Every structure is written in C-alpha cells, then in structure tokens.
Amino acid sequence: MEIIQMNNVYFRYRPSDKLVLKNINLTIQSGEWVSIVGHNGSGKSTLAKFMNALFTPIEGQVLVSGLSTSNVNNHTLIRRKVAMVFQNPDNQIVGPTVEDDVAFGLENCGVPYEEMVQRVQESINKMGLNGLELSEPHRLSGGQKQRVALAGAISMNPKILVLDEATSMLDPTGREEVIRYVQKLNRDENMTVITITHDLKEAVLSDRMVVMKDGAIIGNGLPSALLTNKDLLKQARLRQPFIYELVEALTCRGVPISVGQISEEELVKTLCKLQQQM
Amino acid sequence: MLDHVIIGQYVPGKSFVHRMDPRAKLICLMLFVVFLFISRHPFVLIGGLILTTTAFYYAKIPLRFYIKGMRFIVIIILFTFILHLFLTREGPAIFSTPIFTIYLGGVTQGGFMATRLLVLFIMASLLTLTTTPVALTDGLETLMKPLKKLGVPTHELAFMMSIALRFIPTLLDETAKIIKAQRARGANFTQGSLWNRLKAVIPIFIPLFVQSFKRAEDLATAMEARGYEGGEGRTKFRLLTWLKKDTYAVIVFALYALIVLIVKIGGGN
C-alpha cells in the first residue's frame, strides 16, 4: 500500500529564487525503510519537510495516506500520522524534563491525562530511557537526546517516521544507538521509516535508497545496486562506503566475493572462511 | 567560568514547604509582600517576623543557601539603614560630630526598614529555593488564568517562560564554547582596561545571538511538526495538586493580612 505519494512536485522558497525541487516523483510503501541521500544542498532535507506538510509544493501534489498536503485542513491529521525527528537534538526538545518533552505532542492534541501518562511511559520504555524520566535534557548525551525526540515522536503512534539527518550531529556510539532503535521500530512495529542522511553507512541498512542532486532524484533502488554504481555516486558527489570499496578492491585482485554481501560481519566471516581454505 | 551562575536557586528537598502547591506558595507570598508594607505598626513587623521564622523552619533549607544569594541584598539593606540613620531627625540625639548628628529615631527607623527588607527577602528566596522553576511557571499560569478573559495571553506567556527556562543551560553551554573558541583565536577577556574588556564581550554575544535565532527557528519547526497549535484544546501532563495543608497555609497568611488591616484601620498609621 502506498503511504506517501509525490507527483511532479516543484518547489522554490520565494518566487524569485531558483527551484529547490524539480519534478519529484516518489512513492513510498507502507512498512518500507527508505533512505534519501545526497550532497549538501541537494534538496533532501527540503524534501523531508513535504512529508508532514511543513512545506507544500508550488506545483504537483503530495499525498500522505491519500490526504493532500496542499489542503490546510488536512495538516493536523497528517502531522499526527507523520512524526519527525530533526538534526540538532538541542533545538527540538521543548520540555524541561524527558517525560514532559515526550508528552508535548500528546498535550497538543488534547489526549486525556490518564491515557497520556500511560503512552508517555510506553514510549519511554520502548526507547530504553527508563530511569531518565525526570532528567533535564542538557544532562543527557547526544544519543539519549535523540532518543527522547524519538520517544516524543512515537508517543503519537505515527504511521510514518521521518528522520531529517537525525544522526549527523552524534558521535559514532550515539549514531549506532539511534539507528538500532529506529531499526527496531521498522521491524517490530512495521513503521514506515524515511531517513534523510549523507552517511551512506546508514543508507546501506535501508530497504531502498533515493539519491538526490540539485533538487532532482537521480537514483532510486536497492542500496546494494546504487552503491556499486560509481558513475551515479560520482555525479551525486557521494563517497562509496568503505565496505564497498574493500569488496571491489578484493574482487579486482581475484578474491571470490560477491557484492551482495554487505554487512561488515558477513564480510569478515567470508574472509575468514577463505583464509581457512587457503 | 560560568559555573558560578546560579539559575533558579532551587534546592531539592522534601520539606513541608517543598511539597506545597506552587499556587499556594505564590498566593502566600503575594499576601505577605503587600501587607507587610501596608502599615508601619511594629505589630505588623513582628507578625511578619513570626511568619518568616515559621516558614524558614518548615522549609528546612540550610542557612548558607540564603547567605549565598544575600551578598547583593545586604548592600541594599545596609544602604537603606544608613540613609535612614542620617536623614531621620526624630527623638533625642545620641551621637553628634560637627558634620552630622545621629538621632534615636534614625536608629529605630533604619532598623525597622532593614528588618522589613530582610524579612521580605528571606520570604521571597524561600519560594525560589523550595520550588522548581517549572512548578513556578505552572503555578503562575493557573493563577493568571482569570486574566485570560481580559485578553492577556496567559498560556503563551507561561509557555515562553518555560521554554526560556529550558534553554538557559543550553545557552550557557554555548556561551562557554564560544568563549573557548574566541580564546583559541587569541581573544583576551581578563586583561586590559575596562573598556577593552567590555569590547571583548562583543565577539561572544554576536555569535550567541545568531545561534539563538537559528535555534528559535528550528524549535518553531519542531513544535509545528509535533502539532503545536497554541493553547486551545491542549491538555496538561503536569498536574498541580492542591492539598489541605495548602489551604491551611493560605488561611494563615490571610489571617495575617486581616490582622494588618485591623491594625492599620484601628491604629491609623
């Protein structure tokens, strides 16, 4: 089932500006994990803001579970279906404590107190933040802060989760932490996940990858297929992830490894096996 | 460098005063402040002293926390005392030099005013020492609710205050970072004339302001994405609970107010 549909979307910030998005056509299926990659200024973050009606197209249309974002009356409903987590953890936490922040979205849509307490606790548990309920945001690590933002997002029971470079300001541990929880949401709860990122290591984990350049989509397909397409990566000014480079260098030297094996673990295992055979 | 900046001097605790409803505390303080200054009768001051000591006892906050915040206030109190000492010319002279004479009236007047200020200050700091800024904001919001009918944007005001409180630590961190960054570029904040030191602050504040605007914009986007549409139809996660003891506390302060009024009308000063 298509949950997000973008048809011939064009966008510019001001009438005198040049186009930021050009003829975007994109369909996202329910339960899918799609990563949108691209260089700085490729329009990927702008695209993300169309998914919950923060921006609306000047031409074309965006449908979120059948609701057009161009109709202002749909905005409240769309924003309850699509939760967003942004880049800077410090700039999106509103509440003075973890539980207050998780409750913020629920307060906004007028959820009764008893239900709110229960849902806040559930989300906090899901994101592994137990024991930090009363902590102040500035005492948390980057990874924890982003998990608070995630907890706030999922407390609304959204269908779609959009991560707008949510891991780009985190250290490697924090990044891994956040991605692990997102992966869990996608697998266990069948939540549609859209990650905007310029970290291709993250994109490798997704079901589908969309490559953007200068406001247009130039690639759309399996990560393993797109990441071996050197021309495409060069055009998008993206660097092939280390594993892909390594596999390629190895195949060049005649080591029998197929590109399909993407995870680091699998690669290490195959290499060990090969060594034993030698 | 910024460690000594105390934001909301809240001292965690479980005392009677800590557990009081912030609304009750605010009402009590307002009653106290207004009626302490309404009359000059010694009874009023003695009553105030008794209330303060009782509250001080029940708050169970070590004296050093009051003293810590006191330095600036002490100057004001001393200044008031000295002003009264020299300017009041009542009663017999008790000490005289060719330049000035001190009268007994000056000593009592000065002492009276100084005690009044001291009591007021202790009461006010009791509120901030025993109440988290968040609870205080909640209390203020509910107390201001009647003003909503007059068109005062009470929800927005309280919300602004709570966001400001939330961002104080973030901005302090940021300031510390900027100071380090500017130092690394050779800026000097601790030497040179006063004028130069003041000028050195400019490269701290400009990046801080620019960043704050950026933060504000990001926050607004995040709030919109999370469905914030103003105060209408919102429910509250934090509930204030008014207990019997809150009523009792307010009654005590209301009685004080009543006594002051009676003294004022009866005594005529």
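In the legends below, Ala, Val, Leu, Ile, Met, Phe, Trp, Tyr, Cys and Pro count as nonpolar, Asp, Glu, Lys and Arg as charged, and the others, Gly among them, as polar. This is a predicted model: local features need pLDDT of at least 70, side-chain atom pairs need 80 or more, and totals for chains, interfaces and linings use all residues. Residues are numbered from 1 along each chain as its sequence is written, chains are lettered from A and ligands numbered from 1 in written order, and side-chain values use heavy atoms, without hydrogens or water.

**View 1. The largest cavity has residues of both chains in its lining.** A cavity is a set of points on a 1 Å grid over the protein atoms alone where a 1.4 Å probe fits but cannot get out; lining residues have an atom within 4 Å of a point. The structure holds 4 cavities of 30 Å³ or more. The largest cavity encloses about 80 Å³, the space filled by probe spheres set on points joined across faces, edges and corners. Chain A lines it with A:R79, A:R80, A:V82, A:A83, A:M84, A:G105, A:G152, A:A153, A:M156 and A:P158. Chain B adds B:A225 and B:R226. The lining residues split into 7 nonpolar, 2 polar and 3 charged. In chain A, α2 (75–81), β6 and α5 each supply at least two of them. Helices (H or I, at least four residues) and strands (E, at least two) are DSSP runs numbered from the N terminus. The biggest share of this lining comes from β6(A), with 3 residues.

**View 2. Six strands of chain A form an open sheet with mixed pairing.** Strands pair if DSSP finds at least two bridges between them. The order is β6-β7-β8-β3-β9-β10 (chain A). At the edges stand β6 (82–85) and β10 (216–221) of chain A, each with a single partner strand, so one side of each has no neighbour in the sheet. On average, neighbouring strands of this sheet are turned by 20 degrees against each other, direction ignored. Within this sheet, β3 (residues 33–38) and β8 (residues 192–197) of chain A run parallel. They are joined by 5 bridges. A:V34 faces A:I194 in β8(A) as its opposite residue.

**View 3. Helices α5 and α6 of chain A pack on the six-stranded sheet.** Contact means heavy atoms within 4.5 Å. Helix α5 (residues 142–154) of chain A touches β6 and β7 (160–164) of chain A. The direction of α5(A) makes about 170 degrees with that of β6(A). Axes are lines fitted to C-alpha atoms, for helices over the stretch in contact, with angles of 0 to 180 degrees between N-to-C directions. Helix α6 (residues 172–188) of chain A touches β3, β7 and β8 of chain A. With β3(A), the direction of α6(A) makes about 140 degrees.

**View 4. Helices of chain A contribute to the second largest pocket.** A pocket is an open set of grid points with protein on both sides within 12 Å along at least five of seven lines. This one has a volume of about 900 Å³. It is lined by 26 residues. Nearest its centre lie A:E176, A:K201, A:E202, A:L205 and A:E264. The elements giving two or more residues to the lining are α6, α7 (200–204), α10 (242–252) and α11 (264–277) of chain A. Of these, α6(A) gives the most, with 8 residues. The lining holds 13 nonpolar, 3 polar and 10 charged residues.

**View 5. A second open sheet of chain A has 4 strands and antiparallel pairing.** Its order is β2-β1-β4-β5 (chain A). The edge strands are β2 (21–29) and β5 (67–68) of chain A; each has a single partner strand, so one side of each is left without a neighbour in the sheet. Strand β4 (residues 59–64) of chain A and β5(A) are antiparallel and joined by 2 bridges. A:V64 stands opposite A:L67 in β5(A).

**View 6. Confidence varies along both chains.** Here pLDDT is the predictor's confidence in each residue, from 0 to 100. The model scores ipTM 0.85 and pTM 0.81. Chain A averages a pLDDT of 90, and 99% of its residues score at least 70. In chain A, the lowest mean falls in α11(A), at 82, and the highest in β7(A), at 95. Chain B has a mean pLDDT of 86, with 96% of its residues at 70 or more. In chain B, confidence is lowest in strand β1 (residues 93–96), at a mean of 78, and highest in helix α1 (residues 22–36), at 93. Residues 1–7 of chain B have pLDDT below 50. Beyond near neighbours in sequence, this stretch has 8 contacts in the model.
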